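Me: Please take a close look at the small open sheet in this model, and then go on to the aromatic rings, the charges over rings and any enclosed space.

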Amino acid sequence: MIKFRKLLSIPFLMLLVLSAVLWLIGRLAHSYTTQIELPITIVTDYDSKMWIDRSQKNVRLIVSADGREILPYKMGLAPRLIIPLSMLKITPDNSQKDPYLYKIDENSLAKAIMRVQNKMKLSMIVDTIQTLHVSRTEFRRVAIRPMIDVVCSNGYMLSRPVALSIDSITIKAPQAVLDTMALIATERLTLYDCHDHLSGSIALVVPRNVIVQNELKIRYDVMCEPYSEKTYTVPIQVRGMPDAITLPSVAQVTARVPLTKYNSTDVPMVSIDPQKRTLSGFYPIVVDESPSGAVVSGIKPMMAEYFIEKTTAQ
């Protein structure tokens, strides 16, 4: 009993554990040919001609690799292999009535697995994925909306709209998704105390089931300048009636104008719409066009009326 307890001493146990670890490392360094279950996820990419929601499958393979690469698969701890759909050759499954049910070519699957990972040599696919449910995709050019708010310093104004490095982008998505989309927006960004030229990068918010090629971030450009108020006296026009006479005949338009454009000869254009008569019998005066870079802050008067001057035949 005493001898047995001596054999179980701490140094002996440490040597025993160390020997086991060294033995395991030695075994894992050897090359093996065995069957594993490979977890894969097939995803739509920009180059694929069809669309598929993330499809997770398990494929049984016979591979050759060292033990360190095989062990995670044997223990079920291996990460999923991401395979782009464009790497696979798929053909319609004519045995089914569903026109969007496609079969995966086994050779293309084997090549895709070897392209995505190169640590294991693939000998054979024991079984393959039978079918995938896909849908057709379309390309469309959509506008980009900058979701950028600019808060200028006191006495400064935004001298031009926020500029983007690109104003539109080509997206790829199923037709049903494209029919609901008119634009892609940027992330929301607020720039405070702006009093100069600012630029930077901002990410696009890509909706689910939409793919863009590579423009996930674009550049923005903002210009704030000192301004002064300027008052313009301009004639009031009647839309669609160039011969109509308004009362009053002119309006005073007050606008904030960047100092660099203060001496510009541009003037605002104002009008009334004969189809938008108010209950009081007058028509709202609206600004149809502002001077370049200016922001209208007020207009007097706000209402007008019009009449057509009758001419007497001679």
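Reply: In this predicted model, 3 strands form an open sheet in the order β5-β6-β8, and their pairing is antiparallel. The edges are taken by β5 (90–92) and β8 (132–133), each of which has a single partner strand, so one side of each is left without a neighbour in the sheet. Between strand β6 (residues 101–104) and β8, the antiparallel pairing runs over 2 bridges, and Y102 has L132 in β8 as its bridge partner.

Turning to the aromatic rings, a search of the whole structure finds 2 aromatic pairs. In one of them, the ring centres of Y46 and F139 are 5.5 Å apart and the planes stand at 65°, which is over the 60 degrees required, so the pair counts as edge-to-face. This pair links distant parts of the chain, since Y46 belongs to the loop between β1 (31–43) and β2 (50–51) whereas F139 belongs to strand β9 (residues 135–145), 93 residues apart. Y46 is buried, with a relative accessible area of 17%, while F139 is partly exposed, with a relative accessible area of 47%.

The rings of Y283 and Y306 have their centres 5.3 Å apart and their planes at 55°, so this pair is tilted. Here too the pair links distant parts of the chain, with Y283 in strand β22 (residues 283–289) and Y306 in strand β24 (residues 303–307), 23 residues apart. Y283 is buried, with a relative accessible area of 9%, and Y306 is partly exposed at 22%, a value that is not under the 20% needed for a residue to count as buried.

Charged side chains also meet aromatic rings in this model: K230 lies over the face of Y262, at 5.0 Å from the ring centre, and the charged end of R256 sits over the ring of Y227, 5.5 Å from its centre.

As for enclosed space, a search of the whole structure finds 1 cavity of 30 Å³ or more, and the volume of the largest cavity is about 30 Å³. Its lining is made up of Y232, V257, K261, S264, D266, P291, S292 and A294, and these lining residues divide into 4 nonpolar, 2 polar and 2 charged.

Notes. Residues are numbered from 1 along each chain as its sequence is written. This is a predicted model: local features need pLDDT of at least 70, side-chain atom pairs count only at pLDDT 80 or more; totals for chains, interfaces and linings use all residues. Side-chain values use heavy atoms; hydrogens and water are left out. Rings of Phe, Tyr and Trp (its six-membered ring) pair if their centres lie within 6.5 Å; planes under 30 degrees apart count as stacked, over 60 as edge-to-face and the rest as tilted. Helices (H or I, at least four residues) and strands (E, at least two) are DSSP runs, numbered from the N terminus. Buried means under 20% relative accessible area, exposed over 50%, partly exposed in between (1.4 Å probe, protein chains only). A charge sits over a ring if NZ of Lys or CZ of Arg is within 6 Å of the ring centre and within 35 degrees of the ring normal. On a 1 Å grid over the protein atoms alone, a cavity is a set of points where a 1.4 Å probe fits but cannot get out, and a pocket is an open set with protein on both sides within 12 Å along at least five of seven lines; lining residues have an atom within 4 Å of a point. Grid points are joined across faces, edges and corners, and a volume is the space filled by probe spheres set on the points. Ala, Val, Leu, Ile, Met, Phe, Trp, Tyr, Cys and Pro count as nonpolar, Asp, Glu, Lys and Arg as charged, and the others, Gly among them, as polar. Two strands pair if DSSP finds at least two bridges between them.
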